[in-house]
Amino acid sequence: MGFLSGLPSVRRRTQFNAPLSRSLLRWLWLAHAAGTARARRPHRPAPADRPSRLGLARAGPLDEAALRRAHTPALLKRIEEPGDIDEDTPHFPDIARHARRAVAAALDAAHAALTGQRAFALMRPPGHHCTRNQAMGFCYLNQIAVAALEAQADRGVRVAVWDFDAHHGNGTEDILEGKPGTFFASVHQSPGYPGTGTRSTVNCRNFPVKPHTPRELHLAELARSWEAVLSFKPDLVLVSAGFDAFEGDPITEMTLALDDFATLGRWLRQSGLPAAAVLEGGYSDQLPQLIDAFLTAWDQ
């Protein structure tokens, strides 16, 4: 569920052009304890209102061993090859390199969180639909799953992934299901793409929400999912931050308002837990304002 510079209309899930400058593929947002950011345009990194408290950093090099914890050699080979993977996951020049940058930024964000910083990886393509061996749904690699497994393996920490994107994070569930020390919670429209997320397992909890569910009821499901995350007692929270549950998003049928994304950021801040977020979906013209609301509430 992502878009890149020059992305044409995607045939099945979107019917609009959504160009995004390559600059968005390069930056990691790092907010320190009292910093704030304003993401006014989706095609550039967010400028800082208080620059002394905000850092922008390029994603570092990618640890290939971390990548292989989550993905098969066959997948890594396939995304390097020309030819569309499916109608929602077309081939673009350098798409594998861009996907690897997104993974590198997620790894950097998780590391920053474990050193006491709040971090947001402002990257695309997103990743939460990519399974262990199959790219799909605009997702070529699953950066949040890679980051979760790396943190768990390298630091021995308990990692929870909280996914509030409008679409089920089927890839993240596929990769994390049954993995000790990890937990996954997803709140998503159902029925809806990709048609999964209707059952829960020991370490994967799903909270399906029907199309056009009143905003208050959707927010209640988000609260239930957040309580499930807290009950896991994680040492690190990684957030699949998708903004396509917004009432104005062109490809979903959900009802959240801008203020609701601020609420999600506020819950994250109030928990006091080490946390990092990764950009997933969101296709409204108001995407910058939605990101801003979430980050500002998280960082105040």
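In the predicted model, Lys233 is exposed, with a relative accessible area of 63%. Lys233 belongs to the loop between α6 (215-231) and β7, and its phi is positive, near 55°, although the residue is not a glycine. Just before Lys233 in sequence, the ring of Phe232 carries a charged group over its face: Arg158 lies there, at 4.0 Å from the ring centre. A positive phi also occurs at Phe138, which is likewise not a glycine; the angle is about 75°. Phe138 is found in the loop between β3 and α4. In contrast to Lys233, which is exposed at 63%, Phe138 has a relative accessible area of 3%, and because the threshold for burial is 20%, Phe138 counts as buried.

The loop between β3 (118-122) and α4 also contains Pro125. The peptide bond leading from Arg124 into Pro125 is cis, with omega near 10°. A cis bond is found as well between Ser190 and Pro191, where omega is about 5°. Pro191 lies in the loop between β5 and β6, and Ser190 is placed in that loop too, between β5 (182-189) and β6 (204-209). Ser190 has a relative accessibility of 16% and therefore counts as buried. Beyond residues up to four places away in sequence, Ser190 is in contact with Thr198, Pro208, Val209, Lys210 and Pro211.

The nonpolar interior was examined next. The largest nonpolar core comprises 47 residues, of which Leu141 and Leu238 touch the most other members. Helix α3 (residues 95-114) supplies the largest share of this core, with 13 residues. Separate from this core lies another, of 37 residues, which includes Ala166, Phe261, Leu268 and Ala277. In soluble globular proteins, nonpolar side chains tend to be buried together. The surroundings of Leu141 comprise Leu67, His71, Leu75, Leu76, Ile79, Ala99, Arg100, Val103, Pro126, Gly127 and Cys130, when residues up to four places away in sequence are left out.

Leu76 also appears among the contacts of Arg68, which touches Leu76 and Arg132 when residues up to four places away in sequence are set aside. Arg68 is located in helix α1 (residues 64-70). With a relative accessibility of 47%, Arg68 falls between the limits of 20% and 50% and so counts as partly exposed. Arg68 and Arg132 are 64 residues apart along the chain, and their C-alpha atoms are separated by 9.3 Å.

Aromatic contacts were then considered. The count of aromatic pairs comes to eleven. One of these is formed by Phe243 and Phe261, a tilted pair with 5.3 Å from centre to centre and 45° between the planes. This pair links distant parts of the chain, with Phe243 in the loop between β7 (236-241) and α7 (258-271) and Phe261 in helix α7, 18 residues apart. Phe243 has a relative accessibility of 0% and so counts as buried; Phe261 is buried as well, its relative accessible area being 0%. Phe243 also pairs with Phe294, in an edge-to-face arrangement with 5.9 Å from centre to centre and 70° between the planes. Here again distant parts of the chain are linked, as Phe294 lies in helix α8 (residues 287-299) and the two residues are 51 residues apart. Both Phe243 and Phe294 are buried. These phenylalanines form part of a cluster in which ring pairs link Trp162, Phe164, Trp226, Phe243, Phe261, Trp267, Phe294 and Trp298.

Finally, open space in the model was assessed. Rolling a probe the size of a water molecule over the atoms shows where empty space is left. The largest pocket holds about 200 Å³ of space. Its lining is made up of Pro61, Asp63, Leu107, Asp108, Ala110, His111, Leu114, Ala147, Glu150, Ala151, Asp154 and Arg155. The elements contributing two or more residues to this lining are α3 and α4 (143-155). Helix α3 thus appears in two settings, since it gives residues to the pocket lining and the largest share of the 47-residue core.

Conventions
Residues numbered from 1 in each chain as written. Predicted model: local features only at pLDDT ≥ 70, side-chain atom pairs only at ≥ 80, totals over all residues. Heavy atoms only, no water. Core = buried A, V, L, I, M, F, W, Y, C linked by side-chain atoms within 4.5 Å. Buried < 20%, exposed > 50% of the residue type's maximum accessible area, 1.4 Å probe, protein only. Helix = DSSP H or I, 4+ residues; strand = E, 2+ residues; numbered from the N terminus. Contact = heavy atoms within 4.5 Å. Phe/Tyr/Trp six-rings, centres within 6.5 Å; stacked < 30°, edge-to-face > 60°. Lys NZ or Arg CZ within 6 Å of the ring centre and 35° of its normal. 1 Å grid on protein atoms, 1.4 Å probe; cavity = no way out; pocket = protein on both sides within 12 Å on 5 of 7 lines; lining within 4 Å. Points joined across faces, edges and corners; volume = space filled by probe spheres on them.
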